[in-house]
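Biologist: I would be grateful for a close look at one part of this model, the second largest pocket. Which residues line the pocket, and what lies around them?

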Amino acid sequence: MAGTDLKLLYRELVSLEIELWDGIEGRLRAEYDLALTSFEVLHLLLRRPGRRIQDIAEEFSITVGGTSKVVDRLEAAGLCGRRANPNDRRSSIVELTPEGRKLVEGALKVFEEELKLRIGSVIPEESVREVTAVLSTLRAAGRALDAERRAAGQTPVPAMRAPKQPGRSAS
């Protein structure tokens, strides 16, 4: 594949990710005063209750410190709480509060509606599955390459990034 084609694909993927993030976050902020980063954490806690900070960080490939800050803000807003982990005294379990559950369930409807408008109404379901499979393959290959490089002591590759990124809010 020509280098120009790869550069164009890269630019399209990055631009799409930023535009999707900004569009969905704009709607969540307007209707629920909720940043997409916060929604993602709350949504994970709804889908998979009883997560530790470490679990959340791994799920999103972000730092434990960054994850802890997001959870601190959500906890201060009364949307989640921490309880002692019965299996490990060094960690806590993060759980939705009733208010957090109600908020994320409402915000989930907006999130799904935006996905349908921005993706589902544009490409057929079969294409969604195909693109998803291709992107999963690319991500897996990238993670394998990064692991090989770390193991070989080659080019430093950060294992996880902080949650705040250009075009995104970490709150």
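Modeller: The account below begins with the pocket and then turns to the nonpolar core.

The model is a predicted one. Its second largest pocket has a volume of about 150 Å³. The lining comprises 13 residues, and those nearest the centre of the pocket are Asp33, Leu34, Ala35, Ser38 and Leu74. By class, the lining holds eight nonpolar, two polar and three charged residues. Two helices, H1 (3-32) and H4 (64-76), each contribute at least two residues to this lining. Of the elements involved, H4 gives the most, namely three residues.

Leu34 and Leu74, both among the residues nearest the pocket centre, are also touched by Leu42. With residues up to four places away in sequence left aside, the contacts of Leu42 are Leu34, Leu74, Leu79, Leu96, Leu103 and Val104.

Leu42 leads in turn to the largest nonpolar core, which has 27 residues and in which Phe39 and Leu42 have the most contacts. Each of H1, H2 (36-47), H3 (53-60), H4, strand E2 (92-96) and H5 (98-120) supplies at least two residues of this core. The largest share, seven residues, comes from H2. In soluble globular proteins, nonpolar side chains tend to be buried together.

As for the wider setting, an unreviewed UniProt entry lists residues 6-140 as "domain: HTH marR-type". Over that range the chain is 73% helix and 7% strand, and the C-alpha atoms at its two ends are 18 Å apart.

Notes: Residues are numbered from 1 along each chain as its sequence is written. This is a predicted model: local features need pLDDT of at least 70, side-chain atom pairs count only at pLDDT 80 or more; totals for chains, interfaces and linings use all residues. Side-chain values use heavy atoms; hydrogens and water are left out. UniProt positions are given in the numbering used here, feature names are shortened, and annotations may be inferred rather than shown by experiment. Helices (H or I, at least four residues) and strands (E, at least two) are DSSP runs, numbered from the N terminus. On a 1 Å grid over the protein atoms alone, a cavity is a set of points where a 1.4 Å probe fits but cannot get out, and a pocket is an open set with protein on both sides within 12 Å along at least five of seven lines; lining residues have an atom within 4 Å of a point. Grid points are joined across faces, edges and corners, and a volume is the space filled by probe spheres set on the points. Ala, Val, Leu, Ile, Met, Phe, Trp, Tyr, Cys and Pro count as nonpolar, Asp, Glu, Lys and Arg as charged, and the others, Gly among them, as polar. A nonpolar core is a set of buried Ala, Val, Leu, Ile, Met, Phe, Trp, Tyr and Cys residues joined through side-chain atoms within 4.5 Å. Buried means under 20% relative accessible area, exposed over 50%, partly exposed in between (1.4 Å probe, protein chains only). Contact means heavy atoms within 4.5 Å.
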